[in-house]
Amino acid sequence: GQYLDRIEALNPQLNAIVTTDREKTLAEARAGDARIAAGDAHPLTGVPLLHKDLFCQQGWKTSCGSKMLDNFVSPYSAHVVEQCAAAGMVTLGRANMDEFAMGSSNENSFYGAVKNPWDAKAIPGGSSGGSAAAVAARLAPVATATDTGGSIRQPASHCGVTGIKPTYGVVSRYGMVAFASSLDQGGPIAQTAEDCALMLNVMAGFDERDSTSLERAREDYSRDLNQSLAGLKVGLPKEYFAAGLDADVARAVDNAVAELKKLGAEAVEIALPNTELSIPAYYVIAPAEASTNLSRYDGVRYGHRAKDYKDLVDMYEKTRAEGFGDEVKRRILVGSYVLSHGYYDAYYLKAQKIRRLIANDFKAAFQQCDVILGPVAPTPAFDLGQMASDPVQMYLSDVYTLSVNLAGLPGMSVPAGFAANGRPIGLQIIGNYFAEAKMLNVAHQFQ
Ligand code: GLN
């Protein structure tokens with residue numbers, strides 16, 4: 001009730017939440033209370049949360065920030081949603097996002113831009129900008145999110161909250177509207193690393209309905225939170241501190257490293273030589289996969305359908321012209337081009353080779369250190385509208401986040417201070433495969 005009142009009061013300015021349903025929320029809350037009274041509660045029973053609007057949720061509109069799905073009420077729930085419900089968590093509503101999770105500023109939503117709660121002139125980051133802004137503004141204690149190319153870490157960084165993208169395959173993609181299937185990964189955004197660990201305990205787990213879900217024993221991601229950092233080797237990739245890094249961000253990261261050294265960590269310089277190539281590789285692979293994933297929106301089975309059309313082909317064309325926004329169309333065009341006959345070898349195959357080189361860079365780096373530290377984004381949150389007309393400039397701002405997705409590694413963002421203009425700055429922690437508990441340990445000790 002309290003959270004719903006707060007959402008009603010503050011969301012009109014922030015635009016972080018696209019759907020609420022007081023009756024449904026209160027019914028879930030009562031069920032949670034009954035469970036607690038009956039003594040069979042999970043640690044998170046009764047805890048309210050928001051779902052990013054791309055996790056299918058039975059009976060809730062699941063729009064993915066797109067006009068294409070503006071009329072889509074999901075008949076089933078994603079694995080992540082099922083598991084949150086099974087724990088007794090209470091749905092407060094659905095978080096705004098960039099259309100089909102494409103963007104770094106949350107200006108690409110059909111429902112309008114999300115504002116950064118720290119500064120109404122600033123972007124909250126994207127594509128999980130609604131989840132991050134809502135948690136930062138205390139509209140919800142936690143929210144689900146997804147990270148295909150930084151979309152958990154970058155908005156968490158810009159909004160001064162904590163978010164973790166797990167190792168690819170740890171969280172099931174079943175029921176998550178697909179953007180780039182080989183990169184998409186769900187994870188939580190919360191105030192603290194501890195809350196992220198508890199959320200990850202709920203969200204992670206094998207699911208046979210996702211062919212890339214990993215069959216591993218369940219683990220308690222909070223088990224190492226209080227471990228000492230004495231002797232921990234933190235790697236600082238020299239490419240992450242090169243030209244182009246804002247001075248305030250560099251200072252915040254340096255301070256964080258100094259803080260961790262006080263806690264017993266030891267810093268080593270490492271190299272990730274293919275960092276810059278992550279941008280062209282990602283912006284070939286992600287659109288390629290998106291162009292095939294988005295071919296299902298044809299106006300036939302569900303979603304938007306154009307009203308006036310001559311024949312089937314005309315219906316397809318009008319439906320897609322009306323239903324998709326500019327950035328989504330741009331990705332479909334790029335993706336179709338790089339996959340087409342004659343260009344496949346030159347672009348898509350090349351990008352896949354770079355992807356392997358990037359994974360190898362990390363493999364070598366993790367011979368020298370336990371975790372890697374660096375900035376999340378080259379600058380603090382930029383102004384709304386500043387990059388809206390320059391997509392390439394926006395793509396370039398993803399330089400520190402994309403490699404993690406290409407390699408399938410876990411990455412997180414923790415608050416590490418503020419820029420001179422008052423906008424939050426996050427520290428990125430990158431771990432080896434399945435090192436989530438270690439990363440959360442570092443983040444928790446730092447916080
Ligand atoms: N900026 C990335 C993109 O636009 C973020 C994608 C994501 O992680 N969902 O593709």
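A polar contact is a pair of N or O atoms within 3.5 Å; within protein, one must be able to donate a hydrogen and the other to accept it, and residues adjacent in sequence count only if both atoms are side-chain atoms. The model is predicted: local features need pLDDT of at least 70, side-chain atom pairs count only at pLDDT 80 or more, and totals for chains, interfaces and linings use all residues. Residues are numbered from 1 along each chain as its sequence is written, and side-chain values use heavy atoms, with hydrogens and water left out.

**Exercise 1. The ligand**

Task: State how many residues surround the ligand, and find a polar contact of tyrosine 282 with the ligand.

Solution.
- Step 1. The ligand is surrounded by 15 residues (a heavy atom within 4 Å); Ser104, Gly149, Ser151, Tyr282 and Asp398 are the closest.
- Step 2. Tyrosine 282 places a polar side-chain atom 2.6 Å from an oxygen atom of the ligand.
- Step 3. Backbone atoms take part too: a polar one of glycine 149 is 2.6 Å from an oxygen atom of the ligand, and a polar one of alanine 101 is 2.8 Å from a nitrogen atom of the ligand.

**Exercise 2. A loop**

Task: Locate alanine 101 and serine 127, and describe the backbone at each of these residues.

Solution.
- Step 1. Serine 127 sits in the loop between strand S3 (90-95) and helix H4 (129-136); helices (H or I, at least four residues) and strands (E, at least two) are DSSP runs, numbered from the N terminus.
- Step 2. Alanine 101 is also placed in the loop between S3 and H4.
- Step 3. Alanine 101 is not glycine, yet has a positive phi, near 65°.
- Step 4. From glycine 126 to serine 127 the peptide bond is cis, and omega is near 5°.

**Exercise 3. Helix packing**

Task: Classify how H6 packs with H14 and with H3.

Solution.
- Step 1. Axes are lines fitted to C-alpha atoms, for helices over the stretch in contact, and angles run from 0 to 180 degrees between N-to-C directions.
- Step 2. Helix H6 (residues 193-203) and helix H14 (residues 436-446) have axes that come within 9 Å and cross at roughly 155°. H6 is therefore roughly antiparallel to H14 (over 145 degrees).
- Step 3. In contact (heavy atoms within 4.5 Å) are residues including Leu200 in H6 and Leu440 in H14.
- Step 4. The axes of helix H3 (residues 79-86) and H6 are 8 Å apart, at an angle of about 110°. H3 and H6 are therefore roughly perpendicular (65 to 115 degrees).
- Step 5. Val80, Gln83 and Cys84 in H3 meet Met199, Val202 and Met203 in H6.

Key
Parallel < 35°, antiparallel > 145°, perpendicular 65-115°, else oblique.
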